[in-house]
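This report concerns the structure shown below. It moves from the start of the chain to the interior.

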Amino acid sequence: MSNEALATLTFAFGAVAYTASLVLFFSEMVRPGKPLPGRRFAPWLLGLGGALHLGSITLAAFVAHVCPVESVHFALSVASLVTVFGYLVARVRFRIDLVGAFVAPVGLTFLLSTRFLALGPAQAKLPPLFLTLHVAANV
């Protein structure tokens, strides 16, 4: 398996783990006392998502042969990883289970943004008429 395929798989499984933990954390908020049956796995899935997020960044750096430290995307991803792992450590000591409903979307958002913003700008240029129409429609 190539490094590029491994980076893509790591990204995909990280997104799935973040999404599953997000759904389980939100089920606790929406239905207090009646969460989804797998609710106890939400922190584990969040940790798995964070670990895969870290792996995805690392593998993507090797595939693209770019130093990730020079990127804004990297800095934001590291900030979200610190948030995710900081929450997981803090929840051991404090009863802050529902904070995971806000931490999981942060991890997912920055995982997705790191992946898709790193692709670069779109190659197709739109004519100036579209920008004019867009501005006019929003005014």
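In this predicted model, Met1 counts as exposed because its relative accessibility is 77%, above the 50% cut-off. Met1 is found in the segment before α1 (3-30). Together with Leu6, Leu9 and Phe13, Met1 forms a nonpolar patch on the surface, with about 430 Å² of accessible area in total.

Helix α1 contains 28 residues, which at 1.5 Å a residue should span 40 Å; its end C-alpha atoms are 40 Å apart, in agreement with that expectation. Several residues of α1 are buried, among them Ala7, Thr10, Phe11, Gly14, Tyr18, Leu22 and Phe25.

The largest nonpolar core has 18 residues, and Tyr18, Phe25, Leu46, Val84 and Tyr87 have the most contacts inside it. Two or more residues of this core come from each of α1, α2 (42-64), α3 (72-93) and α4 (100-117). The largest share, 6 residues, is supplied by α1.

Ser80 belongs to helix α3. Its relative accessibility is 1%, so Ser80 counts as buried, the cut-off being under 20%.

The table gives the contacts of Phe25 and Ser80, leaving aside residues within four places in sequence.

| Residue | Residues in contact |
|---|---|
| Phe25 | Arg39, Ala42, Pro43, Leu46, Tyr87, Asp97, Leu98, Gly100 and Ala101 |
| Ser80 | His53, Val106, Gly107 and Phe110 |

Among the contacts of Phe25 are Leu46 and Tyr87, which, like Phe25, are listed with the most contacts inside the largest nonpolar core.

Methods:
Residues numbered from 1 in each chain as written. Predicted model: local features only at pLDDT ≥ 70, side-chain atom pairs only at ≥ 80, totals over all residues. Heavy atoms only, no water. Patch = residues over 30% accessible without salt bridge, like charges linked within 9 Å, V, L, I, M, F, W, Y side chains within 5 Å. Areas by Shrake-Rupley, 256 points an atom, 1.4 Å probe, with all protein chains shown as cover. Salt bridge = Lys/Arg side-chain N within 4 Å of Asp/Glu carboxyl O. Helix = DSSP H or I, 4+ residues; strand = E, 2+ residues; numbered from the N terminus. Buried < 20%, exposed > 50% of the residue type's maximum accessible area, 1.4 Å probe, protein only. Expected span 1.5 Å × (residues − 1). Core = buried A, V, L, I, M, F, W, Y, C linked by side-chain atoms within 4.5 Å. Contact = heavy atoms within 4.5 Å.
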